[in-house]
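Please find below my notes on this model, arranged as numbered points. They take up sheets, helix packing and contacts between chains in turn.

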Amino acid sequence: MAAFLLRRLLQGALVVLGVTFTVFVVTRVFGNPVDLMLPLSASAEQRAAFAAELGLDRPLPAQFMQFVGELLRFDFGESTWQRRPAMAVVLERLPNSLLLIGAGLGLAIILALPAGLLAAGRPGGLLDRVVTGISLAGLSMPQFWVGLLLIVLFAVAIPVLPTSGMGTPAHLVLPAVTLALVPFARMTLFVRSQIMEELNRPYIRTALARGLPRSRVLVGHALRNTLVPFLTLVGWELVLALAGYTVVVETVFAWPGMGLVAIQALQRGDLFLVQAIVYTVAVLIVLVNILLDVVFKLVDPRIGLG
Amino acid sequence: MTAPLLAVRDLRVVFPTRAGLVRAVSDVSLEVAAGETLGIVGESGSGKSVSAQAMLGLLPLPGRVTGGEILWRGRPLGDAAGLRGREIACVFQDPMQSLNPLMTIGAQLVETLRHHHGLSRRAARDRAAELLAEVALSAPARRLDQYPHELSGGILQRVALALALACEPALLIADEPTTALDVTVQAEILDLLAGLQARRGLAVILITHDLGVVAGLCHRVAVMYAGRVVETGEIDALFANPAHPYTQGLLRATPGLDNRTERLVAIDGAPPSLRAPPAGCPFRPRCPIADAACLAPPPFAATDTGRAACWRAGAAAWAEVAP
Amino acid sequence: MAAELGEDVPGLIGLLLLLGVVGMALLAPWIAPHDPAAQSVLARLAPPAWLARGDPAHLLGTDALGRDVLSRIIWGARATLLVGVAVVLLSGSFGVLVGLVAGYAGGRTDAVLMRLVDIQVSFPGVLLILLIVSVVGPSLLTIVVVLAITNWMIYARLVRGTVLSLRSAPYVEAAEIVGCGPVRILWRHILPNLVSPLLTVAILEFTNVVLAEAAISFLGLGVQPPATSWGLDVASGRDYVFVAWWLVTFPGLAIAVTVLGVNLFAGWLRVTTDPREREKRFGWSRAARALAGRAQ
């Protein structure tokens with residue numbers, strides 16, 4: 001187990017290094033941090049001084065080493081917009097994003113498992129068509145649009161839920177529902193097709209032949225054996241949520257999380273803050289993937305610990 | 001003869017497919033008495049497994065029973081769900097695939113025992129170990145905590161038998177129970193099956209394509225061809241004196257059963273399409289002694305050894321082959 | 001196959017929706033009732049024509065600058081399809097190439113390339129895209145390139161897996177023995193097997209790209225005014241969401257309808273190219289039940 005964890009951690013470090021390299025190339029080779037971060041009115045002297053302060057006057061390899069060195073020391077620089085360490089801003093907003101993701105994905109999982117199961121129970125039946133239809137529609141709608149429609153609906157037609165900001169549990173409802181829709185749709189279709197596949201396997205026939213009731217075979221055998229691959233999908237959705245859904249959903253609902261800050265920082269040319277967010281998310285993704293691998297090993301008896 | 005435990009009358013099963021209606025089972029009638037072993041023999045696609053699945057109410061999609069009735073102790077079986085496991089148990093072909101790969105052997109046994117008998121967890125576990133001992137597994141207590149992928153095919157088939165026996169069934173349907181196993185293991189499983197049958201007074205329906213297996217184990221046999229039963233009878237009499245040309249051909253093609261010829265001879269041709277079966281006797285296109293009468297469907301009439309669906313039942317269909 | 005599409009109503013609807021969007025994009029100059037950029041102070045925020053105060057000249061209403069919503073949607077189809085097709089072609093070609101090389105060369109090359117894929121799959125997708133786009137400067141071209149270099153991995157994985165399993169297939173080995181070169185083997189013997197799965201993946205990727213372009217444009221980092229894009233139109237309608245619901249509703253609906261059309265069509269295609277799925281679909285259809293009933 002220790003060797004396995006070490007190997008996965010090394011792979012994770014490689015991912016972070018890859019992200020670092022990409023960010024470095026993008027910001028230092030394609031773009032110029034000075035142009036991005038200083039206002040257009042800045043004088044040539046101010047620009048030169050800023051470049052020197054960042055070490056931009058040195059050759060690229062030296063810059064890269066400095067870049068990596070700062071990261072290793074968890075030095076992400078100071079947010080030019082908020083005038084405080086970029087990581088402090090990130091850590092302040094991270095819990096808000098995690099709350100949103102937790103609520104959204106939780107909702108998606110709770111709904112997708114029974115929906116997929118019921119649909120697979122009678123393929124081609126009315127329920128199956130309704131569930132499949134809703135899922136396909138959910139997969140086809142842009143998240144920001146769903147969010148805006150919900151705002152229109154709940155601000156204009158039925159003004160019962162707050163449509164922006166954070167505070168009461170009610171504030172969480174619309175963002176969480178919006179975030180849940182796409183994962184719910186994908187999970188439902190996945191559970192449905194997995195269970196249908198599983199139901200074709202001989203062990204299901206044997207379980208039925210042993211006299212176990214259909215409901216029990218569906219839940220206790222087919223669904224249970226679907227959970228391991230389902231977990232992979234949940235992990236993937238978690239990654240997508242961390243790196244994408246939150247940006248869109250938080251922007252629509254002005255939810256003060258990491259995604260909203262990222263967009264605001266981009267608009268203000270606050271490169272250091274954006275970098276800090278990108279790294280935080282990259283590390284979180286690596287951790288999620290490692291966690292998933294460990295869980296697989298614990299859940300599936302066929303995968304050995306090696 | 002005792003009253004039949006299970007009686008199938010004029011069973012019909014069809015599979016609608018895009019290419020047309022497949023008549024997998026047509027007018028099949030079978031009976032099995034308590035404590036009796038009935039063999040159902042036929043090539044793949046002859047409808048033997050589908051018949052068994054229909055008896056269990058476990059037809060795969062898109063199969064449907066469209067005619068006939070299945071009686072259990074004289075009463076219609078309905079959807080069979082209430083009897084499955086409790087009165088009718090079964091063992092399938094591929095033991096590796098027949099057990100849930102993510103549950104231990106013990107968990108699957110305990111689950112079944114608890115469902116049918118309402119045992120406590122501990123009592124069910126003890127009973128599970130007893131069952132594993134009954135199917136002659138060594139170290140049954142240790143096996144309970146093993147997963148299917150840790151065990152060999154022969155052992156898994158024993159486990160599958162234990163699972164089938166968990167609820168003290170009156171009838172065991174064994175669908176090609178040894179086909180997926182090594183030859184030496186096959187013999188062990190068949191011995192075990194025979195022993196269990198004798199000890200528990202089980203009725204067994206043994207489905208196989210292997211006449212040798214039937215000969216060793218069964219009291220009676222039904223030979224199926226193209227979705228129909230073409231001949232039934234007591235095993236010894238039928239093997240000594242097969243009435244239907246197809247049975248005669250099968251015996252000729254099986255080693256060690258037919259002493260009259262030294263060489264094994266295949267039956268020329270292939271079974272007919274079940275989508276568009278030929279008019280009259282389905283075996284007519286391959287039958288060496290078919291004549292004009294065979295264009296009409298043959299009656300399932302009594303013969304010296306049982307019953308056969310053949311206009312020329314009893315006639316020797318195949319010329320002796322010189323050694 | 002065409003007859004089967006007729007039986008599969010969702011698949012047919014999908015195809016029709018798709019053809020509609022393509023038609024819109026191709027025929028935009030002729031079918032759009034107005035110039036999508038033409039502003040009119042007098043006709044600001046007119047609601048859809050069927051509502052009170054609606055202007056029959058503007059079927060789906062006008063935006064805050066008096067531009068015709070319908071015309072903008074028709075022209076916007078161009079950006080959506082252009083980005084979608086270009087990204088799928090670019091990333092698809094690159095991914096297929098990487099997959100072919102990795103699968104065929106095997107060994108160290110394979111290990112390095114696939115590790116690259118693993119690493120890039122774990123990148124923080126949209127965030128990184130946003131960072132790159134904002135540094136390089138948002139434009140249609142940037143969007144296409146950035147989406148292409150972040151979406152090639154799925155093709156590489158698919159192709160590599162298939163190539164690996166086919167390489168040891170007897171007919172490929174036989175071709176090698178008679179002296180076929182690697183290029184010929186890949187082209188004549190392996191690539192044909194990849195057409196159907198690649199098509200399915202490419203179609204589904206197309207929907208992802210369309211949704212991604214919309215989201216990026218919505219966030220203000222994609223297509224820039226005065227060009228039109230459905231995502232951009234939703235973003236500019238956002239400020240008026242409480243007074244002019246049609247501004248966010250219709251462009252967003254256009255995205256949803258396009259993606260739904262592709263999804264429905266892809267579903268039909270997937271089932272049709274898989275014989276097992278085809279038989280199942282038949283088995284479940286009501287026609288099959290009726291047939292079974294009649295056989296009694």
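**Notes on the predicted model**

1. In this predicted model, strand 1 (residues 4-17) of chain B and strand 4 (residues 64-72) of chain B run antiparallel and are joined by seven bridges. Within that pairing, B:A7 lies opposite B:L71 of strand 4 of chain B, while B:V14 has B:R64 of strand 4 of chain B as its bridge partner.

2. On pairing with strand 2 of chain B, strand 1 of chain B is again antiparallel, here with 10 bridges between the two strands. These two strands of chain B make a hairpin in which two residues separate them, and B:V14 stands opposite B:R23 in strand 2 of chain B. B:V14 therefore deserves a look from both sides, since its partner in strand 2 of chain B is B:R23 and its partner in strand 4 of chain B is B:R64.

3. The pairings just described belong to an open sheet of four strands in chain B, ordered 2-1-4-5 and paired in the antiparallel sense. Its edges are strand 2 (20-33) and strand 5 (75-76) of chain B, each of which pairs on one side only. Helix 1 (residues 48-56) of chain B packs on this sheet, where it touches strand 1, strand 2 and strand 4 of chain B, and the direction of the helix makes about 110° with that of strand 1 of chain B.

4. Chain B also holds an open sheet of eight strands, in the order 6-7-8-3-9-10-12-11, with mixed pairing. Strand 6 (88-91) and strand 11 (300-302) of chain B are the edge strands of this sheet, each pairing on one side only, and the twist from one strand to the next averages 20°. A parallel pairing is found between strand 3 (residues 37-41) and strand 8 (residues 203-208) of chain B, which share five bridges; there, B:T37 has B:V204 in strand 8 of chain B as its bridge partner.

5. Two helices of chain B that lie across strands of the eight-strand sheet may be inspected together. Helix 6 (residues 153-165) of chain B lies across strand 6 and strand 7 (171-175) of chain B, and runs at about 175° to strand 6 of chain B. Helix 10 (residues 245-252) of chain B lies across strand 9 (220-225) and strand 10 (228-234) of chain B, with an angle of about 105° to strand 9 of chain B.

6. Chain A is divided into domain 1 (2-72) and domain 2 (94-268), and the C-alpha centres of these two domains of chain A are 36 Å apart.

7. Helix 8 (residues 169-199) and helix 10 (residues 214-253) of chain A have axes that come within 9 Å and cross at roughly 160°, which means that helix 8 of chain A is roughly antiparallel to helix 10 of chain A. The crossing of these two helices of chain A is right-handed, and the residues of their contact comprise 19 nonpolar, four polar and three charged.

8. How do helix 5 and helix 12 of chain A lie, and which residues meet where they touch? Their axes, those of helix 5 (residues 86-121) and helix 12 (residues 271-299) of chain A, come within 9 Å and cross at roughly 50°, and the two helices of chain A are therefore oblique to each other. The crossing is right-handed. On the side of helix 5 of chain A, A:A86, A:M87, A:V89, A:V90 and A:L94 take part, and they meet A:F272, A:L273, A:A276, A:I277 and A:T280 of helix 12 of chain A. By class, the residues of this contact are nine nonpolar, one polar and no charged.

9. Between chains, 36 residues of chain C are in contact with 44 residues of chain A. On the chain C side, the elements giving two or more residues are helix 4 (107-121), helix 5 (125-136), helix 9 (182-218) and helix 11 (246-273) of chain C, and helix 5 of chain C gives the most, with 10 residues. That side of chain C has 27 nonpolar, eight polar and one charged residues.

10. Helix 5 of chain C packs with helix 1 (residues 2-30) of chain A at an angle of about 10°, the axes being 9 Å apart, so that helix 1 of chain A is roughly parallel to helix 5 of chain C. Here A:T22, A:V23, A:V26, A:T27 and A:F30 meet C:L128, C:L131, C:I132, C:V135 and C:V136. The contact of these two helices has eight nonpolar, two polar and no charged residues.

Conventions:
Residues numbered from 1 in each chain as written. Chains lettered and ligands numbered in written order. Predicted model: local features only at pLDDT ≥ 70, side-chain atom pairs only at ≥ 80, totals over all residues. Axes fitted to C-alpha atoms, helices over the stretch in contact; angles between N-to-C directions. Parallel < 35°, antiparallel > 145°, perpendicular 65-115°, else oblique. Left-handed = near helix turned anticlockwise from the far one by under 90°. Nonpolar A, V, L, I, M, F, W, Y, C, P; charged D, E, K, R; others polar. Domains from an automatic or database assignment. Contact = placed C-beta atoms within 7 Å. Pairing = 2+ DSSP bridges.
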